[in-house]
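Hi,

Here is the structure I said I would pass on. Have a look at it first, and then read on for what I found in it.

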Amino acid sequence: ALQVSQSGDLASWMIEGGFTPGMGGAMDLVVDPSKTRVIATMTQLWHGQPKLVRNCTYPITGRAVVSRVITEMAVFDFPGHGAMPVLVDIVNT
């Protein structure tokens, strides 16, 4: 994922004016929102920008389609219907 918003929107296929990995697997992710899990590596941020954001700034692949985000630091569930993400697990450092 390039970005995931707090409402579970997914931007996963292009960056305007720049890198475009293509639609390919991005569309597969939005077919069944109840089962969409996004694994986002926070150490690979695009130009230092976070991937978990209030609102996506890149083109949206799907709205409210993410049910869980797994990073190397934490796991978040996205209950939907405008609810904020819920912290499920966090790494002990």
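Let me start with one residue: Asp-77 is partly exposed, because its relative accessibility is 25%. One thing to keep in mind throughout is that this is a predicted model.

What does Asp-77 do with its side chain? Asp-77 makes a salt bridge with Arg-68, and the closest N and O atoms are 2.6 Å apart. Arg-68 is partly exposed as well, with a relative accessible area of 24%. The two residues also face each other in the strands, since Arg-68 stands opposite Asp-77 in E6.

That brings us to the strands around this pair. E5 is joined to strand E6 (residues 74–77) by three bridges, and the two run antiparallel. Together E5 and E6 make a hairpin, with three residues between them. On from there, strand E7 (residues 86–90) is antiparallel to E6, with four bridges joining them. If you want a spot to look at in that pairing, try Ala-74, which stands opposite Ile-90 in E7.

Now for the wider view. How many helices and strands are there in the chain? You should find one helix and seven strands. Starting at the N terminus, the order of elements is β-β-α-β-β-β-β-β. The chain has 93 residues, and 35% of them count as buried. Its accessible surface is about 5,700 Å², with 56% of that belonging to carbon and sulfur atoms. As for how the chain folds back on itself, take the contacts between residues at least 6 apart in sequence: 58% of these join residues at least 24 apart.

There is also an open sheet of three strands, with mixed pairing and the order E2-E1-E4. Why do E2 and E4 count as its edges? Strand E2 (10–11) and strand E4 (52–53) each have a single partner strand, so each has one side without a neighbour in the sheet. Strand E1 (residues 3–5) pairs with E4 in the parallel sense, over two bridges. In that pairing, Ser-5 has Val-53 in E4 as its bridge partner.

Next, the cores. Which residues make up the largest nonpolar core? There are seven of them: Val-4, Leu-10, Val-38, Val-65, Val-66, Val-69 and Phe-78. Another core lies apart from that one and has five residues, including Leu-2, Ala-11, Val-53 and Tyr-58.

Two members of that five-residue core deserve a closer look. You will find Leu-2 in the segment before E1. Leu-2 counts as buried because its relative accessibility is 18%, and the cut-off for buried is under 20%. The C-alpha atoms of Leu-2 and Lys-51 are separated by 5.9 Å, although the residues are 49 apart along the chain.

The other is Ala-11, which sits in strand E2. Is Ala-11 buried or exposed? It is buried, with a relative accessibility of 0%. Setting aside neighbours within four places in sequence, Ala-11 is in contact with Ala-1, Leu-2, Gln-3, Cys-56, Tyr-58, Pro-59, Ile-60 and Thr-61. From Ala-11 to Lys-51 the C-alpha distance is 9.4 Å, and the two are 40 residues apart in sequence.

Back to salt bridges, as the pair I opened with is not alone: the count comes to two. In the other, the side chains of Arg-63 and Asp-9 meet, at 3.4 Å from N to O. Arg-63 lies in the loop between E4 and E5, while Asp-9 lies in the loop between E1 and E2, so this pair ties together parts that are 54 residues apart in sequence. Is each partner buried or exposed? Arg-63 counts as exposed, at 60% relative accessibility, whereas Asp-9 is buried, at 10%.

One last residue, in that loop between E4 and strand E5 (68–70), is Ala-64. Ala-64 is not a glycine, yet it has a positive phi of about 50°. With a relative accessibility of 48%, Ala-64 counts as partly exposed.

Happy browsing!

How values were computed. Residues numbered from 1 in each chain as written. Predicted model: local features only at pLDDT ≥ 70, side-chain atom pairs only at ≥ 80, totals over all residues. Heavy atoms only, no water. Pairing = 2+ DSSP bridges. Core = buried A, V, L, I, M, F, W, Y, C linked by side-chain atoms within 4.5 Å. Buried < 20%, exposed > 50% of the residue type's maximum accessible area, 1.4 Å probe, protein only. Contact = heavy atoms within 4.5 Å. Areas by Shrake-Rupley, 256 points an atom, 1.4 Å probe, with all protein chains shown as cover. Salt bridge = Lys/Arg side-chain N within 4 Å of Asp/Glu carboxyl O.
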